[in-house]
Protein chains: 2
Amino acid sequence: MKVTARMDQPSRKSPSRIQRQNRKRILDAALDTFSQHGYRGATLDQIAEAAGLSKPNILYYFTGKEDIHLTLLNRLMLTWLEPLERMEADGEPLEELLGYIRRKLQMSRDFPRESRLFANEILQGAPRMAPHLETGLKPLFDRKCRLIADWVSAGRIAPVDPGHLIVSIWATTQHYADFEAQLAVLMPERAALWQGAEAHLEAMFRKLLTR
Amino acid sequence: MKVTARMDQPSRKSPSRIQRQNRKRILDAALDTFSQHGYRGATLDQIAEAAGLSKPNILYYFTGKEDIHLTLLNRLMLTWLEPLERMEADGEPLEELLGYIRRKLQMSRDFPRESRLFANEILQGAPRMAPHLETGLKPLFDRKCRLIADWVSAGRIAPVDPGHLIVSIWATTQHYADFEAQLAVLMPERAALWQGAEAHLEAMFRKLLTR
DNA sequence: CCGCTTTTTTACCATTTGGTAAAGTCACGA
DNA sequence: TCGTGACTTTACCAAATGGTAAAAAAGCGG
């Protein structure tokens, strides 16, 4: 019996060139839209227009609005945690931490939309992200907290609350992406902003972590 | 000729008890909704239900969705800038700054919805807030930057970039309100969170500002 | 160039959304 | 207690929104 087999995702295997291209365009447009308006504030029509495709065409590639959003969130988590993962036990503690801060700030500069997508989702109570936080972020966070605690008890950095240290790093670095609209008013010289930020954060955390 | 005089706001003068009460209920419900979903993601029906009023009744007190949002934003700016304004030239610089940090963190704890409303608006590019930023925040920011710069050149605190210092204070304190959903996963002991935050921020900025 | 699959368009649909008109209902001072 | 203005409800509406069905058009291997 021949079933017309409505596919959840078009063609399970070997996505065609067109598919790869269009899915990418859609996700890029959706990143713009979701990161600016949040999940509920974003509309499929907006995404469709930004992607240069018709709305039904978009729904040919994704099963729905939530599917697009979820796909973005899943992708994001991969790259988002990577800088923290790279902070390892075998380096000089201070340099490992400062390196992490530098990478995180770079991500804010180079991927502000991703940062805002994440911020929007958390602001709204992380309804579509709770599993990611629990299974992806939490274990990593705990692991790195232990690593920092070890550095502290070995006397290799100044005593500090590991959890709040990491939170401070997130807060200060992500702020430059998430509150860009505010900073554009307060510190209009955009070029100077980022190098000023890097110098300031480096100085601040260096001082904090040195006894 | 008798004109039925549709009023923009019901009764220009001496708002009745009912008016004060209902406007407050509406604004409170709207604060919940807007701070969680952003401007576009919030709906009048949601606000109406949270306020326990019918939608047309809400539109009797406010001319529209934007009116409600704008009213919230205007109110917010008053209280939001106050902690920074209270940081004055005549105190001990370090204590003035640490006092500001403490007040700002308290606001995050006591008024997280207001913090998130603000964050949402900035995330979305501050479309309804640009004037406030330009005429309200910017002058204050510049003034306090000069104050801090004076403290630095007088050698009363360690050398620091005043603008980025203020931004760091905003980032670290507001983060505890705006990313509450994330912190709830990572640091579940809610009571310890806030005192841990206060201790950590005090230590961090004290170290930064001490030569 | 044919036939089959993949992709896109056209035409819809039900629900939601911001908002209005107008008919009530309530409160309170004369 | 009665009239008048303040407040609330009911009944709508046009546009927007997420989504679907099915026909039409491209691609593409043979």
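## Meeting DNA strand D

Visitor: Which phosphate contact does Lys65(A) make with DNA strand D?

Guide: Welcome! In this predicted model, local features need pLDDT of at least 70, side-chain atom pairs count only at pLDDT 80 or more, and totals for chains, interfaces and linings use all residues. Residues are numbered from 1 along each chain as its sequence is written, chains are lettered from A and ligands numbered from 1 in the order written, and side-chain values use heavy atoms, with hydrogens and water left out. Lys65(A) uses a backbone N or O atom, and its partner is a phosphate oxygen of DNA strand D, at 2.9 Å.

Visitor: Which elements give two or more residues to the surface near DNA strand D?

Guide: Here, near means that a heavy atom of the residue lies within 4 Å of the strand. Helices are DSSP runs of H or I with at least four residues, numbered from the N terminus. The elements are helix 3 (55-61) of chain A, with helix 1 (17-41) and helix 3 (55-61) of chain B.

Visitor: What does the side chain of Lys55(A) reach on DNA strand D?

Guide: Lys55(A) is among the residues that come nearest to the strand. An N or O atom in the Lys55(A) side chain is 2.8 Å from a base nitrogen.

Visitor: Is Ala126(A) buried or exposed?

Guide: Ala126(A) sits in the loop between helix 6 (112-123) and helix 7 (130-153) of chain A. Buried means under 20% relative accessible area, and exposed over 50% (1.4 Å probe, protein chains only). With a relative accessible area of 4%, Ala126(A) is buried.

Note on methods: A polar contact is a pair of N or O atoms within 3.5 Å; within protein, one must be able to donate a hydrogen and the other to accept it, and residues adjacent in sequence count only if both atoms are side-chain atoms.
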